[in-house]
Amino acid sequence: MYLYGVHRTPKSVNMKYCIMLLVVFGLIGCSSKTRKEDHQLLTIQKTATPPELDGVAIDNCWNLASWHPLDQNWLGEAYAFEDFNGRYKLSWDENYLYLLVEITDDVLIDNYEDPLKLWWDDDCVEVFVDEDNSGGLHQFDHNAFAYHIALDGNVVDLAPDREPRLYNDHVRSARITSENLTTWELAISLHKDSYKDGKENKPVRLKAGKKVGFALAYCDNDTSKERENFIGSVFVPGEDKNQGWINSDIFGTLVLEE
Ligand SMILES: [Ca+2]
Ligand SMILES: [Ca+2]
Ligand SMILES: [Ca+2]
Ligand SMILES: [Ca+2]
């Protein structure tokens with residue numbers, strides 16, 4: 001009897017201990033999946049006057065904002081400064097995130113007239129936004145958006161049905177190209193992860209103190225069948241740098257300031 005008891009007690013204690021460990025690790029696993037670690041924190045200033053979207057960067061909000069580099073080579077060989085260089089500024093008001101992008105690119109190409117065909121192989125600006133800065137996967141849902149803005153202004157992202165769709169009412173833009181220099185001005189409305197395609201959706205009203213997941217990139221193609229470089233605004237750790245279109249954990253974090 002005694003031996004039986006001795007034999008049983010440690011087993012049940014071990015079992016309880018295992019269950020407790022499983023619960024603890026489970027909780028840690030869940031919380032790390034749902035919480036994004038903020039990195040590249042950028043504080044951006046509200047503007048009382050929206051910039052005029054005309055590709056001319058003389059607006060007051062741009063005079064007050066500082067430049068940030070677009071210089072992380074996410075895909076492709078090392079490139080020369082004349083081949084590509086870029087920088088950007090940000091501002092906001094209740095309705096929009098405003099973005100000024102200045103790109104030097106030696107050849108601008110638009111091989112595919114259909115905006116829903118191989119849109120990433122034409123020169124385009126790509127804007128990644130995660131409205132609630134939640135982080136996490138977003139490839140086939142609207143936890144975050146990856147807007148590709150083509151030279152003709154069309155805006156494409158993958159919809160939950162895994163097909164590309166135009167989101168032209170989410171991002172308005174204007175650009176002016178003078179020789180190798182293109183100046184883009186964009187107004188981006190932010191949408192919640194509950195966004196429903198084909199339904200009426202209200203953009204989020206922006207407030208001071210809000211955090212937004214954000215990254216910018218440029219697909220540079222000059223003479224090739226496929227894009228030659230994909231240059232982003234945030235450092236992505238690890239071998240595979242092309243993660244922004246799948247995982248919003250790699251986005252930087254904007255803090256909206258009054
Ligand atoms: Ca302007
Ligand atoms: Ca180029
Ligand atoms: Ca989100
Ligand atoms: Ca190009």
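These legends accompany close-up views of a predicted model.

**View 1. Cys 124 and Cys 219, two cysteines without a disulfide.** The model holds zero disulfides. Cys 124 is in no disulfide, and its nearest cysteine sulfur, that of Cys 219, is 3.7 Å away. Cys 219 is likewise in no disulfide, with the sulfur of Cys 124 as its nearest, at 3.7 Å. A disulfide needs the two sulfur atoms within 2.5 Å, so this pair does not count. Cys 124 is buried, because its relative accessible area is 1%, under the 20% limit. Cys 219 is buried as well, with a relative accessible area of 0%. Strand E6, residues 124-130, begins at Cys 124.

**View 2. The ring pair of Phe 128 and Phe 251.** The model has 13 aromatic pairs. In this one the ring centres lie 5.4 Å apart. The planes meet at 55°, so the pair is tilted. Phe 128 belongs to strand E6. Phe 251 lies in the loop between strand E13 (229-232) and strand E14 (252-257). The pair links distant parts of the chain, 123 residues apart. Both Phe 128 and Phe 251 are buried. For Phe 128 the relative accessibility is 0%.

**View 3. The aromatic cluster around Phe 128.** Four residues form one aromatic cluster: Trp 74, Phe 128, Phe 230 and Phe 251. Trp 245 has its C-alpha atom 7.8 Å from that of Phe 128. Along the chain, Phe 128 and Trp 245 are 117 residues apart.

**View 4. Ile 250 in the loop between E13 and E14.** Ile 250 sits in this loop. Ile 250 counts as buried, because its relative accessibility of 8% is under 20%. The C-alpha atoms of Ile 250 and Phe 214 are separated by 9.0 Å. Along the chain these two residues are 36 residues apart. Phe 251, in the loop between E13 and E14 too, is also buried.

**View 5. The stacked rings of Phe 145 and Tyr 147.** These two residues form an aromatic pair with 5.2 Å from centre to centre. The angle between the planes is 10°, under the 30 degrees required, so the pair counts as stacked. Phe 145 is buried, at 1% relative accessible area. Tyr 147 is buried too, at 0% relative accessibility.

**View 6. Two arginines over aromatic rings, Arg 162 and Arg 172.** The charged end of Arg 162 sits over the ring of Phe 140. Its distance from the ring centre is 3.9 Å. Arg 172 lies over the face of Tyr 96. Here the distance to the ring centre is 5.2 Å.

**View 7. The cavity and its lining.** The model has one cavity of 30 Å³ or more. The space inside the largest cavity is about 90 Å³. Its lining includes the acidic residues Asp 110, Glu 113, Asp 114, Asp 122 and Asp 152. Lys 117 and His 148 line the cavity as well. The other lining residues are Tyr 112, Pro 115, Trp 119, Ala 150 and Val 156. By class, the lining divides into six charged, five nonpolar and one polar.

Key:
Residues numbered from 1 in each chain as written. Chains lettered and ligands numbered in written order. Predicted model: local features only at pLDDT ≥ 70, side-chain atom pairs only at ≥ 80, totals over all residues. Heavy atoms only, no water. Buried < 20%, exposed > 50% of the residue type's maximum accessible area, 1.4 Å probe, protein only. 1 Å grid on protein atoms, 1.4 Å probe; cavity = no way out; pocket = protein on both sides within 12 Å on 5 of 7 lines; lining within 4 Å. Points joined across faces, edges and corners; volume = space filled by probe spheres on them. Nonpolar A, V, L, I, M, F, W, Y, C, P; charged D, E, K, R; others polar. Phe/Tyr/Trp six-rings, centres within 6.5 Å; stacked < 30°, edge-to-face > 60°. Helix = DSSP H or I, 4+ residues; strand = E, 2+ residues; numbered from the N terminus. Lys NZ or Arg CZ within 6 Å of the ring centre and 35° of its normal.
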